[in-house]
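Visitor: I would like to go through this model with you and ask, point by point, what stands behind the words used for it.
Guide: Then let us put the structure in front of us and begin.

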Amino acid sequence: EMEIEINDSLMRFFDHCQKFVAFVEENDTAMHQVDAFKEGPEMRRVVEKVADVLCLPADELNADLIQVAFLTCSYELAVRNVTSPWCSLFSEEDAKVLEYLNDLKQYWKRGYGYDINSRSSCNLFQDIFQQLDKAVEESKSSKPISSPVIVQIGHAETLQPLLALMGFFKDDEPLRANNYVRQMHRKFRSGRIVPYAANLVFVLYHCDQANTSKEEYQVQMLLNENLLPFHHSNKTISIYADLKDYYKDILQNCHFKEECELPKNNNTATDEL
């Protein structure tokens with residue numbers, strides 16, 4: 001009986017950001033690191049190995065076909081809990097290479113590769129804090145909380161840029177086609193960050209026994225039901241005012257329209273790392 005509001009501008013912000021669409025989504029050169037890795041030595045070894053197993057000439061296979069086979073294996077295992085015959089083509093090392101290929105794509109298209117990837121999510125980020133602010137104000141005035149639970153439904157493409165905007169899972173060195181070995185222990189692993197049914201939860205607490213009024217409202221974040229440590233404290237609970245202060249620049253200075261409008265004299269994507 002609940003009314004469901006569809007707000008694509010909030011949850012599919014990437015479709016409404018002209019700069020992202022032009023510079024990243026529809027720009028053939030934006031994924032140059034991904035394309036380079038497909039032609040690099042790691043992927044070449046996987047292609048040659050699979051071709052040998054299938055008794056095919058290596059030039060009849062390419063990275064895209066290998067990725068389709070690997071994803072078929074992955075999906076059948078994840079969705080149906082069966083070991084697909086396609087899985088027999090790959091070793092654990094092959095899987096790590098193909099995981100990196102997918103992480104590269106997510107990094108450059110939805111993560112830290114270009115600033116606009118994450119900056120385009122600022123409307124959603126600000127909306128979350130506006131809802132938390134509203135709950136704090138209602139609590140302070142002893143009013144019933146008008147929206148004790150708010151659920152927003154999106155996709156991995158919604159969640160990944162938001163987490164990047166907040167600075168989570170950022171490596172010291174960007175993911176590139178030529179640093180696969182150095183990135184073996186990377187933080188940015190999209191399969192762990194946005195798996196099936198990925199979810200990000202903000203929990204606001206009213207603490208009756210707080211020592212000061214500032215400590216009265218505190219917040220936790222959970223990603224996929226696991227507590228996330230905050231950057232400013234490395235703790236899994238934060239005073240709400242401290243969290244707002246840490247993200248003050250984004251909350252005050254990220255304006256979707258200005259962030260997403262196309263420059264008048266620039267038609268190519270630029271590396272904004």
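Visitor: What makes the pair of Cys122 and Cys254 a disulfide?
Guide: Bear in mind that this is a predicted model. The sulfur atoms of Cys122 and Cys254 are 2.4 Å apart, and since the criterion asks for a pair of cysteine sulfur atoms within 2.5 Å, the pair is counted as a disulfide.

Visitor: Why is the disulfide of Cys122 and Cys254 called left-handed?
Guide: The torsion about the S-S bond is about -85 degrees, so the link of Cys122 and Cys254 is assigned as left-handed. As to what it joins, Cys122 lies in helix α8 (residues 122-140) and Cys254 in the loop between α12 (248-253) and α13, so that distant parts of the chain, 132 residues apart, are linked.

Visitor: How do you know whether Cys122 and Cys254 are buried or exposed?
Guide: Buried means under 20% relative accessible area. Cys122 has a relative accessibility of 0% and therefore counts as buried, and Cys254, with a relative accessible area of 2%, is buried as well.

Visitor: How many disulfides does the rule give in total?
Guide: The count comes to three disulfides. One of them joins Cys17 to Cys260, with an S to S distance of 2.1 Å, and its -100 degrees about the S-S bond make the link left-handed. This pair, too, links distant parts of the chain, Cys17 being in the loop between α1 (8-11) and α2 (18-25) and Cys260 in helix α13 (residues 256-260), 243 residues apart. Both Cys17 and Cys260 are buried.

Visitor: What can be said of the link between Cys73 and Cys87, and which hand does it have?
Guide: The sulfur atoms of Cys73 and Cys87 are 2.0 Å apart, which is within the 2.5 Å that the criterion allows. The link has 105 degrees about the S-S bond and is right-handed. Cys73 lies in helix α5 (residues 63-80) and Cys87 in the loop between α5 and α6 (92-109), so the disulfide ties together parts that are 14 residues apart in sequence. Both of these cysteines are buried.

Visitor: What is the pairing when the bonded cysteines are numbered in sequence order?
Guide: The pairing is 1-6, 2-3, 4-5.

Visitor: How do you know that Cys55 is in no disulfide?
Guide: The nearest cysteine sulfur to that of Cys55 belongs to Cys87 and is 19 Å away, whereas a disulfide needs the two sulfur atoms within 2.5 Å. Cys55 is also exposed, because its relative accessible area is 70% and the term applies over 50%.

Visitor: Why is Cys207 called partly exposed?
Guide: The relative accessibility of Cys207 is 22%; buried would require a value under 20% and exposed one over 50%, so a value in between is called partly exposed.

Visitor: What makes Leu243 a buried residue, and which residues does Leu243 touch?
Guide: Leu243 has a relative accessible area of 0% and is therefore buried. Leu243 is found in helix α11 (residues 240-246) and, leaving aside residues up to four places away in sequence, touches Phe129, Val219, Phe230, His232 and Ser238.

Visitor: Turning to the domains, how is the chain divided, and what is the evidence of contact between the parts?
Guide: The chain is divided into domain 1 (31-113) and domain 2 (119-272), whose centres, taken over C-alpha atoms, are separated by 31 Å. As evidence of contact, 22 residues of domain 1 are in contact with 25 residues of domain 2. The area buried between domain 1 and domain 2 is about 2000 Å², of which carbon and sulfur atoms give 59%. On the side of domain 1, Tyr100, Arg110 and Tyr112 lose the most area to domain 2, together 37% of what that side buries.

Visitor: Why is the pair of Arg189 and Glu99 called a salt bridge?
Guide: The closest N and O atoms of Arg189 and Glu99 are 3.0 Å apart, and the criterion places the side-chain nitrogen within 4 Å of a carboxyl oxygen, so the pair is a salt bridge. Between domain 1 and domain 2 the count is three salt bridges. Across this interface the rule also finds twelve residue pairs in polar contact. The elements giving two or more residues to the side of domain 1 that touches domain 2 are α3 (32-38), α5 and α6, and α6 gives the most, with eleven residues.

Note on methods:
Residues are numbered from 1 along each chain as its sequence is written. This is a predicted model: local features need pLDDT of at least 70, side-chain atom pairs count only at pLDDT 80 or more; totals for chains, interfaces and linings use all residues. Side-chain values use heavy atoms; hydrogens and water are left out. Helices (H or I, at least four residues) and strands (E, at least two) are DSSP runs, numbered from the N terminus. Buried means under 20% relative accessible area, exposed over 50%, partly exposed in between (1.4 Å probe, protein chains only). Contact means heavy atoms within 4.5 Å. Domain bounds come from an automatic or database domain assignment. Buried area is the accessible area (1.4 Å probe) that two parts lose on being put together, summed over both. A polar contact is a pair of N or O atoms within 3.5 Å; within protein, one must be able to donate a hydrogen and the other to accept it, and residues adjacent in sequence count only if both atoms are side-chain atoms.
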